[in-house]
Amino acid sequence: MFNDKTSKQVLDMFTASDKELVADKKKPAENEWICMMEGIFNTLNHTMIGVVCIYTSWLCWINGFEKLYTWHVFLTLIGYHLLMAEGIVLLYSGNGWTQKLTHSHKRTIHWLVEAVGCSCCVVGIALEIYFRESTNRRHFSSTHSIVGLISLAFLALTLVNGLMALFAPELRRRIRPIYSKLGHYLTGTVCYVLGMVAIVLAYEKKIYRQNTITEGITMMTVFTIAVTVLSMVGVVKTVYNQVKTLAK
């Protein structure tokens, strides 16, 4: 016969085992819930990116593509709001259309998409500078243009340390790969966020006020802010993990 002490030990053992079983059952359920929420927000993000780009493209069509300023609006929006956003999101594990791709394939697509996006931004800003120069208008006289200029400077930095991150294995004798990648994430984040801020500020410009209603501008403002936040989720997670690695 078991004494009271032995019986208590056996009971505690079964209780602990039951708790572990319950915990193991909860983990898959929690993971499913997280994956479902990631899928919902990821779909919303892609939808809002598409809505803003299509809506603004329609406004540019109304304004006339024979005007250089229209091309400035169109190219910078496509560069920041579409290509840069999608280039960032595609690296995120919760992104639907790239989940089955290998990391190597994701990185290649990221570079191609970001290269085209950056080119659109540079050409779009260059056209606006040329337009202002040819019409004797002041350069960088508004908050929108100053924020856009700062974003352009960080874009140049992002391209430089992006190349360092791409060739990190070859440069590991000079600099640890984690430093080059972390630098790329940080400068890229500043570049992208400032570019999206410049777009939000641009919604008060004449091309929007004359060609759409107030509700349309409000919708695009809300969508652009939401896209910026949602697109940064994966980057924030990666930076947090890398900082934790460096702290060890």
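Good morning. I begin with a definition: in what follows, Ala, Val, Leu, Ile, Met, Phe, Trp, Tyr, Cys and Pro count as nonpolar, Asp, Glu, Lys and Arg as charged, and the others, Gly among them, as polar. The structure shown above is a predicted model, and my subject today is its two largest pockets.

Let me take the largest pocket, whose volume is about 820 Å³. Its lining is made up of 31 residues, and those closest to the centre are I88, L91, H110, H184 and Y185. By class, this lining comprises 16 nonpolar, 10 polar and 5 charged residues.

Which helices supply at least two residues each to that lining? They are α2 (68-89), α3 (103-134), α4 (143-166), α5 (168-171), α6 (177-202) and α9 (233-247). Among these, α3 gives the most, with 8 residues.

I turn now to the second largest pocket, which has a volume of about 700 Å³. Here 33 residues form the lining, and Y69, H72, E128, R132 and H144 are the closest to the centre of this pocket. Two or more residues of the lining come from each of α2, α3, α4, α6 and α7 (206-211). Which element has the largest share of this second lining? That element is α2, with 7 residues. As to class, the lining of the second largest pocket holds 15 nonpolar, 11 polar and 7 charged residues.

To summarise, α3 gives the most to the lining of the largest pocket, whereas α2 provides the largest share for the second largest. Thank you for your attention.

Terms used
Residues numbered from 1 in each chain as written. Predicted model: local features only at pLDDT ≥ 70, side-chain atom pairs only at ≥ 80, totals over all residues. Heavy atoms only, no water. 1 Å grid on protein atoms, 1.4 Å probe; cavity = no way out; pocket = protein on both sides within 12 Å on 5 of 7 lines; lining within 4 Å. Points joined across faces, edges and corners; volume = space filled by probe spheres on them. Helix = DSSP H or I, 4+ residues; strand = E, 2+ residues; numbered from the N terminus.
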